[in-house]
Amino acid sequence: LEQLADKVETRRATNRRYRDLLANVPGVEFMPDAPYGRPTNWLTCITLDPAQAPFSRDELIRHLGDYNIESRPTWMPMHLQPQYRVAHCVGGSVAETIFRTGVCLPMFPAPAEDRARIEWALRDLIDAKHA
């Protein structure tokens, strides 16, 4: 269990670094934490408000990819997946918005130099859009 606790703490620390780095970027929101527990932050997902954020989901993913850093959109809602498009769906607009604007940021247990490279790439995009 100690090994798992270490992994969870690493992910929580990564989440905190992302929150600090993106704190002043307009239109960036992190997935909310439930008030009744403590998240493991196994993933760190953000959404980008198209009316406020200086870059889109696809711009962010493309920019990180230019630095050979993998990120990805949040999961496609089941009702949008081809095999379920004919199935009855109740609601779905919240899931569609999260998919359209959401990004899963890198969360692997990377060495310090890789974490620094990810942070540098994010700062590079933020600075370019604020110039």
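The following exercises with worked solutions concern a predicted model.

**Exercise 1. Cysteine pairing**

Determine how many disulfides the whole structure holds, and check Cys-45 and Cys-104 individually.

Solution.
- Step 1: A search of the whole structure returns zero disulfides.
- Step 2: For Cys-45, the nearest cysteine sulfur belongs to Cys-104 and lies 3.2 Å away.
- Step 3: For Cys-104, the nearest cysteine sulfur is in turn that of Cys-45, at 3.2 Å.
- Step 4: A disulfide requires the two sulfur atoms to be within 2.5 Å, so a pair at 3.2 Å does not count.
- Step 5: Cys-45 has a relative accessible area of 11% and is buried; Cys-104, at 5%, is buried too.

**Exercise 2. Surroundings of Ile-61**

Place Ile-61 in the secondary structure and list its contacts beyond four places in sequence.

Solution.
- Step 1: Ile-61 falls within helix H2, which covers residues 57-66.
- Step 2: With neighbours within four places in sequence set aside, the contacts of Ile-61 are Ser-71, Arg-72, Pro-73 and Val-103.
- Step 3: Phe-30 is 31 residues from Ile-61 along the chain, and their C-alpha atoms are 16 Å apart.

**Exercise 3. A nonpolar surface patch**

Identify the residues that form a nonpolar patch on the surface, then locate Leu-43 and classify its exposure.

Solution.
- Step 1: The patch consists of Leu-4, Trp-42, Leu-43 and Trp-75, which together have about 430 Å² of accessible area.
- Step 2: Leu-43 sits in the loop between strand E1 (28-30) and strand E2 (44-48).
- Step 3: The relative accessibility of Leu-43 is 39%, so Leu-43 counts as partly exposed.

Methods. Residues are numbered from 1 along each chain as its sequence is written. This is a predicted model: local features need pLDDT of at least 70, side-chain atom pairs count only at pLDDT 80 or more; totals for chains, interfaces and linings use all residues. Side-chain values use heavy atoms; hydrogens and water are left out. Helices (H or I, at least four residues) and strands (E, at least two) are DSSP runs, numbered from the N terminus. Contact means heavy atoms within 4.5 Å. Buried means under 20% relative accessible area, exposed over 50%, partly exposed in between (1.4 Å probe, protein chains only). Patches are made of residues with over 30% relative accessible area and no salt bridge: like charges are joined within 9 Å, nonpolar side chains (Val, Leu, Ile, Met, Phe, Trp, Tyr) within 5 Å. Accessible areas come from the Shrake-Rupley method with a 1.4 Å probe; for residues, only the protein chains shown count as cover. A salt bridge is a side-chain nitrogen of Lys or Arg within 4 Å of a carboxyl oxygen of Asp or Glu.
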